[in-house]
Amino acid sequence: MLDLPKYKNFFDDVYAVVRLIPKGRVTSYGAIAEYLGMKSSARMVGWAMNAAHTDPSVPAHRVVNRSGILTGKHHFGSPTRMQELLQAEGITVENDQVKDFEKLFWHPLQELG
DNA sequence: CACGTGACCTAAG
DNA sequence: CCTTAGGCCACGT
């Protein structure tokens, strides 16, 4: 029996944006939600990221919350995995928080359009 | 169909 | 600076 494609459109859009995040840059759930026109539903972005585990091409470690805190670090298998991935890209992380977050922040609407 | 859950965000005190 | 409360909507049960 063939599996019909379900409503992955929202997830695919989220993944597409996350994949566009340049190496060494970060963005927030809210920014992605805003870019997708779901500004008030940033939670859905986080939900989509939860499903992103099946898609290794999605750099979920580049997505943090509005304060630059690594809120999703507990979902990377190891508590330090997310931080390691970020530091591997030249991002400094201190106390689970991205340093120079405002400088490294990548705004989809501004960068893409 | 109703309810609970969640890697969030904003506003108010 | 802090905490609390509300809203948001997809998804599983």
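# Exercises on chain A and DNA strand B

The buried residues of H4 are Met82, Gln83 and Leu86. They lie on the same side of H4, because the arc they cover around the axis is only 95°. The model behind these exercises is predicted.

## Exercise 1. Packing of helices H4 and H3

Task: Identify what covers the buried residues of H4, then carry out the analysis of buried residues for H3.

Solution.

Step 1. The cover over the buried residues of H4 includes strand S3 (93-94) and strand S4 (97-98).

Step 2. In H3, the buried residues are Val45, Ala48 and Met49. Their arc around the axis is only 100°, which puts them on the same side of H3.

Step 3. The general rule behind such a pattern is that an α-helix has 3.6 residues a turn, so residues three or four places apart point the same way.

Step 4. For H3, the cover over the buried residues includes H1, H2 and S2.

## Exercise 2. Overall architecture

Task: Describe the order of elements in chain A and compare its radius of gyration with that of a compact globule.

Solution.

Step 1. Chain A contains six helices and four strands. Read from the N terminus, the elements follow the order α-β-α-α-β-α-β-β-α-α.

Step 2. For 113 residues, a compact globule would have a radius of gyration near 13 Å; the value for chain A is 14 Å, which agrees.

Step 3. The C-alpha trace of chain A extends over about 50 × 35 × 20 Å along its principal axes.

Step 4. Buried residues make up 30% of the 113 residues of chain A. Among contacts with a separation of 6 or more, 59% join residues 24 or more positions apart.

## Exercise 3. The largest nonpolar core

Task: Determine which residues of the largest nonpolar core touch the most other members, and examine Val14 and Ile32 individually.

Solution.

Step 1. The largest nonpolar core has 27 residues, of which Val14, Val18, Ile32, Val45, Val63 and Val98 touch the most other members. At least two residues of this core come from each of helix H1 (9-20), helix H2 (29-35), helix H3 (42-51), strand S2 (63-64) and helix H4 (81-88).

Step 2. Valine 14 belongs to helix H1. Valine 14 is buried because 28 other C-beta atoms lie within 10 Å, the threshold being 20 or more.

Step 3. Leaving aside residues up to four places away in sequence, valine 14 touches Ile32, Leu36, Val45 and Ala48. Valine 14 and aspartate 55 are separated by 41 residues in sequence and by 12 Å in space, C-alpha to C-alpha.

Step 4. With residues up to four places away in sequence again excluded, isoleucine 32 touches Val14, Val17, Val18, Thr27, Val45, Val63 and Pro108.

## Exercise 4. The surface near DNA strand B

Task: Establish how many residues surround DNA strand B and which element supplies the largest share of this surface.

Solution.

Step 1. DNA strand B is surrounded by 18 residues, with Gly30, Gly46, Asn65, Thr71 and Gly72 the closest.

Step 2. H2 and H3 each contribute at least two residues to the surface near DNA strand B. The largest share, seven residues, is supplied by H3.

Step 3. Sorted by class, the surface near DNA strand B comprises seven nonpolar, nine polar and two charged residues.

## Exercise 5. Positive phi angles and loop residues

Task: Locate aspartate 96 and aspartate 100, give the phi of each, and decide whether each is buried, partly exposed or exposed.

Solution.

Step 1. As background, most residues other than glycine have a negative phi.

Step 2. Aspartate 96 occupies the loop between S3 and S4. Although not a glycine, aspartate 96 has a positive phi of about 60°. Aspartate 96 counts as partly exposed because there are 15 C-beta neighbours inside 10 Å.

Step 3. Aspartate 100 sits in the loop between S4 and helix H5 (101-104). This residue is not a glycine either, and has a positive phi of about 55°. Aspartate 100 is exposed, since 11 other C-beta atoms lie within 10 Å and the limit is 12 or fewer.

Step 4. A glycine can be set beside these two: glycine 90, just after H4, takes a positive phi of about 95°.

Step 5. Serine 41 provides a further loop residue, placed between H2 and H3. Serine 41 is partly exposed, with 16 other C-beta atoms within 10 Å. From serine 41 to alanine 51 the separation is 10 residues in sequence and 16 Å in space, C-alpha to C-alpha.

Conventions: Residues numbered from 1 in each chain as written. Chains lettered and ligands numbered in written order. Predicted model: local features only at pLDDT ≥ 70, side-chain atom pairs only at ≥ 80, totals over all residues. Core = buried A, V, L, I, M, F, W, Y, C linked by C-beta atoms within 7 Å. Contact = placed C-beta atoms within 7 Å. Rg over C-alpha atoms; globule rule 2.2 N^0.38 Å. Near = placed C-beta within 6 Å. Nonpolar A, V, L, I, M, F, W, Y, C, P; charged D, E, K, R; others polar. Arc of directions from axis to C-beta.
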